[in-house]
Amino acid sequence: MPQIPDPQDTSDAVRTCLNLLPRQATERILSRLKEAINYEPVIGIMGKSGAGKSSLCNALFQQPVCLTSDLLGCTREPQRLLLTVGERSMTLVDLPGVGETPEYDEEYLALYKALLVELDLIIWVLRADDRARATDITAYRALMEAGADPSRFLFVLTQADRIPPLRDGEPWQASPSSEQCLSLAAVSAQVAGQLPSSFPVMAVSAHTGYNLPALVELIVHALPVQASSAVYCQLKPEHQTPDTDAAVRQQFGEAAGKAFDSVINPDHLPSVWTALLRCLRQKLVQLATTLWDRVFG
């Protein structure tokens with residue numbers, strides 16, 4: 001039976017690490033760190049109807065998140081899905097897909113703009129074999145004009161296994177053929193030019209599992225530091241790698257560093273304290289990195 005993390009043990013370890021600080025400052029830092037630990041991220045899933053949003057979510061997350069339909073758009077209203085593993089939770093907002101009708105698109109775009117402020121990350125899903133991206137481009141440009149941050153968008157090409165050229169009669173392959181990889185590279189470059197973001201376009205297949213670990217790594221790096229650990233707990237273990245394990249621990253360390261900075265600013269103190277406080281901050285960051293399994297495991 002898995003061991004339940006003891007919050008008191010974590011608090012005591014942090015207090016010991018910061019024992020050179022005044023007690024009040026230590027408690028304030030600990031309070032800010034607890035806010036990061038208990039933070040519940042919100043991720044939006046966007047894209048045209050039929051792009052494979054639901055299938056991608058079900059391939060990534062441990063819990064089933066929504067139904068799929070091959071024939072009809074099954075999502076008419078934003079669905080807020082609370083995902084919980086252990087003591088950690090996050091909300092996945094499955095948004096209506098653009099591209100059904102002009103009337104729906106206008107309504108959905110207003111909805112997206114209203115939700116921007118609360119979304120930690122937006123995963124925008126496009127079919128790899130679909131060249132019709134006008135509605136996606138129009139919606140994205142409208143969001144940029146509304147003040148959206150490009151660093152909060154990930155563009156994902158789904159159904160990579162269906163990209164031409166397909167070979168009739170062959171079974172599903174876990175990875176695309178060399179010819180398909182060339183096609184995916186060309187499509188990814190085209191999408192990156194049409195829908196500029198701070199991150200590379202990722203081609204995946206929910207059906208075969210192709211590139212899902214790479215997508216998980218990209219998601220970890222794209223999320224704010226206070227959000228990555230809670231999201232990581234929800235993802236299927238088979239898509240987690242040693243590199244993503246290290247990255248998520250490092251981000252938790254950065255969250256601890258931000259908690260320290262919110263209370264202590266060495267630059268505003270006498271220079272004799274500056275080196276000591278910076279060393280203490282680094283010690284806290286390293287401690288938080290080692291405590292990740294105790295807090296989130």
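**Exercise 1. A nonpolar patch on the surface**

Task: Determine which residues form a nonpolar patch on the surface, and establish whether Val272 is buried or exposed.

Solution. In this predicted model, the patch is formed by Leu20, Val272, Trp273 and Leu276, which together offer about 430 Å² of accessible area. The next step is to place one member of the patch, Val272, which lies in helix H10, a helix that runs over residues 271-290. Finally, the relative accessible area of Val272 is 66%, and since the exposed class begins over 50%, Val272 is to be classed as exposed.

**Exercise 2. The chain as a whole**

Task: State how many helices and strands the chain has, and what share of its residues counts as buried.

Solution. The chain has 11 helices and six strands. Of its 297 residues, 47% count as buried, while the accessible surface comes to about 14,900 Å², with 54% of that area belonging to carbon and sulfur atoms. As a last step, consider contacts between residues with a separation of 6 or more: 69% of these are made by residues 24 or more positions apart.

**Exercise 3. Strand order and pairing in the sheet**

Task: Work out the order of the strands in the sheet, and explain why one side of S2 and of S6 is left without a neighbour.

Solution. The sheet is open, has six strands with mixed pairing, and follows the order S2-S3-S1-S4-S5-S6. Strand S2 (79-85) and strand S6 (202-203) stand at the edges, and because each has a single partner strand, one side of each is left without a neighbour in the sheet.

The pairs can then be followed one at a time. S1 and S4 pair in the parallel sense over five bridges, with Ile43 standing opposite Leu121 in S4. S4 and S5 are likewise parallel, over six bridges, and here the bridge partner of Val125 is Val156 in S5. S5 (residues 153-158) in turn pairs with S6 in the parallel sense over two bridges, with Leu157 opposite Ala203 in S6.

What packs on this sheet is helix H5 (residues 134-145), which touches strand S1 (42-47), strand S4 (121-127) and S5, and whose direction makes about 165 degrees with that of S4. Strand S4 itself is mostly covered, six of its seven residues being buried.

**Exercise 4. Salt bridges between separate parts of the chain**

Task: Give the count of salt bridges, and for the pairs Asp130 with Lys48, Glu118 with Arg80, and Asp293 with Arg249, find where the partners lie.

Solution. The count comes to eight salt bridges.

1. Asp130 forms a salt bridge with Lys48, the closest N and O atoms being 2.8 Å apart. Because Asp130 lies in the loop between S4 and H5, and Lys48 in the loop between S1 and helix H3 (53-60), the pair ties together parts that are 82 residues apart in sequence. Asp130 is partly exposed, at a relative accessible area of 23%, whereas Lys48, at 15%, is buried.

2. Glu118 and Arg80 meet through their side chains in a salt bridge, at 2.8 Å from N to O. Glu118 lies in the loop between helix H4 (102-115) and S4, and Arg80 in strand S2, so this pair ties together parts that are 38 residues apart in sequence. Glu118 is partly exposed, with a relative accessible area of 30%, and Arg80 also counts as partly exposed, at 47%.

3. The side chains of Asp293 and Arg249 meet in a salt bridge of 2.8 Å, N to O. Asp293 belongs to helix H11 (residues 292-296) and Arg249 to helix H9 (residues 242-261), and the pair links distant parts of the chain, 44 residues apart. Asp293 counts as partly exposed at 45% relative accessibility, while Arg249 is buried at 17%.

Salt bridges also occur as a network, which links Asp12, Arg15 and Glu27.

**Exercise 5. The surroundings of Ser198**

Task: Locate Ser198, and identify which residues it touches, not counting those up to four places away in sequence.

Solution. Ser198 has its place in the loop between helix H6 (178-194) and S6, and at 46% relative accessibility it counts as partly exposed. Under the stated exclusion, Ser198 touches Pro150 and Ser151. A distance completes the picture: the C-alpha atoms of Ser198 and Arg152 are separated by 8.0 Å, although these residues are 46 residues apart along the chain.

Terms used. Residues are numbered from 1 along each chain as its sequence is written. This is a predicted model: local features need pLDDT of at least 70, side-chain atom pairs count only at pLDDT 80 or more; totals for chains, interfaces and linings use all residues. Side-chain values use heavy atoms; hydrogens and water are left out. Two strands pair if DSSP finds at least two bridges between them. Contact means heavy atoms within 4.5 Å. Axes are lines fitted to C-alpha atoms, for helices over the stretch in contact, and angles run from 0 to 180 degrees between N-to-C directions. Patches are made of residues with over 30% relative accessible area and no salt bridge: like charges are joined within 9 Å, nonpolar side chains (Val, Leu, Ile, Met, Phe, Trp, Tyr) within 5 Å. Accessible areas come from the Shrake-Rupley method with a 1.4 Å probe; for residues, only the protein chains shown count as cover. A salt bridge is a side-chain nitrogen of Lys or Arg within 4 Å of a carboxyl oxygen of Asp or Glu. Buried means under 20% relative accessible area, exposed over 50%, partly exposed in between (1.4 Å probe, protein chains only).
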